[in-house]
Amino acid sequence: RMGVEGEEEAKAVIIEEFKRVEKVLGIHKFLDSGFGGSTFGGGDISFCSLSGWLFCPSTFTNSEISPALLKDENFPESYHGFTRRLTLEYPRSVRHVNRCYHEFRR
């Protein structure tokens with residue numbers, strides 16, 4: 001357990017957003033303004049910047065946070081369980097976060 005007050009409520013909000021994004025990305029390449037489109041836009045930036053904390057793509061922090069702090073062993077099993085769940089249930093959304101960081105992060 002992560003042990004944070006409101007943890008279950010926060011997870012529910014995150015899951016609902018991943019469900020929504022999964023549907024949009026099933027039709028469109030990008031979130032664009034948030035409802036889907038053919039170009040990278042504000043919706044992509046918002047979703048990826050907030051979701052990046054869950055998946056920590058290699059370009060996530062632009063080397064501003066020590067990679068040693070982002071090692072898997074520094075996170076509790078409940079975190080890993082939650083990110084595994086998101087990866088299995090919402091694969092388009094998770095791939096989108098990683099792809100956007102790798103393709104658009106400068």
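This is a short talk on the helices, a loop residue and the salt bridges of one structure.

Hi everyone, and thanks for having me. One thing up front: this is a predicted model.

Let's start with helix H3, residues 77-89. H3 has 13 residues and reaches 18 Å from its first C-alpha to its last, close to the 18 Å expected at 1.5 Å a residue. Which residues of H3 are buried? They are Ser78, Tyr79, His80, Phe82, Thr83 and Leu86. What do they pack against? Their partners are helix H1 (7-25), helix H2 (42-55) and helix H4 (91-104).

I'd like to pause on Thr83, which sits in H3. Its relative accessibility is 10%, so Thr83 counts as buried, the cut-off being under 20%. If we set aside neighbours within four places in sequence, Thr83 touches Leu54 and Phe55.

Now for H1 and H4. Their axes come within 8 Å and cross at roughly 85 degrees, and an angle from 65 to 115 counts as roughly perpendicular, so that is the label for this pair. On the H1 side, the contact is made by Phe18, Val21, Glu22 and Leu25, and H4 brings Pro91, Arg92, Ser93, Val94 and His96. By character, the residues of this contact divide into 5 nonpolar, 2 polar and 2 charged.

A quick stop in the loop between H1 and H2, where we find Gly41. Is Gly41 buried or exposed? At 11% relative accessibility, this glycine counts as buried. Gly41 and Phe30 are 11 residues apart along the chain, and their C-alpha atoms are separated by 7.5 Å.

Last topic, salt bridges: the count comes to 8. Let me show you a few of them. In H3, Glu89 pairs with Arg85, with the closest N and O atoms 3.1 Å apart. These two lie 4 residues apart, about one turn of the helix. Both ends are partly exposed, Glu89 with a relative accessible area of 40% and Arg85 with 37%. Elsewhere, Glu7, Glu8 and Lys11 are joined into one network by salt bridges that share partners. Lys11 meets Glu7 at 3.1 Å, N to O, and Glu8 at 4.0 Å, N to O. Glu7 is 4 residues from Lys11 in H1, while Glu8 is 3 residues from Lys11, so about one helical turn separates that second pair. How exposed are the members, and which of them are buried? Lys11, at 15%, counts as buried, as does Glu7 at 5%, whereas Glu8 is partly exposed at 48%.

That's my tour, and I'm happy to rotate the model for anyone who wants another look.

Note on methods:
Residues are numbered from 1 along each chain as its sequence is written. This is a predicted model: local features need pLDDT of at least 70, side-chain atom pairs count only at pLDDT 80 or more; totals for chains, interfaces and linings use all residues. Side-chain values use heavy atoms; hydrogens and water are left out. Buried means under 20% relative accessible area, exposed over 50%, partly exposed in between (1.4 Å probe, protein chains only). Contact means heavy atoms within 4.5 Å. The expected span of a helix is 1.5 Å times one less than its number of residues. Axes are lines fitted to C-alpha atoms, for helices over the stretch in contact, and angles run from 0 to 180 degrees between N-to-C directions. Angles under 35 degrees count as roughly parallel, over 145 as roughly antiparallel, 65 to 115 as roughly perpendicular and the rest as oblique. Ala, Val, Leu, Ile, Met, Phe, Trp, Tyr, Cys and Pro count as nonpolar, Asp, Glu, Lys and Arg as charged, and the others, Gly among them, as polar. A salt bridge is a side-chain nitrogen of Lys or Arg within 4 Å of a carboxyl oxygen of Asp or Glu.
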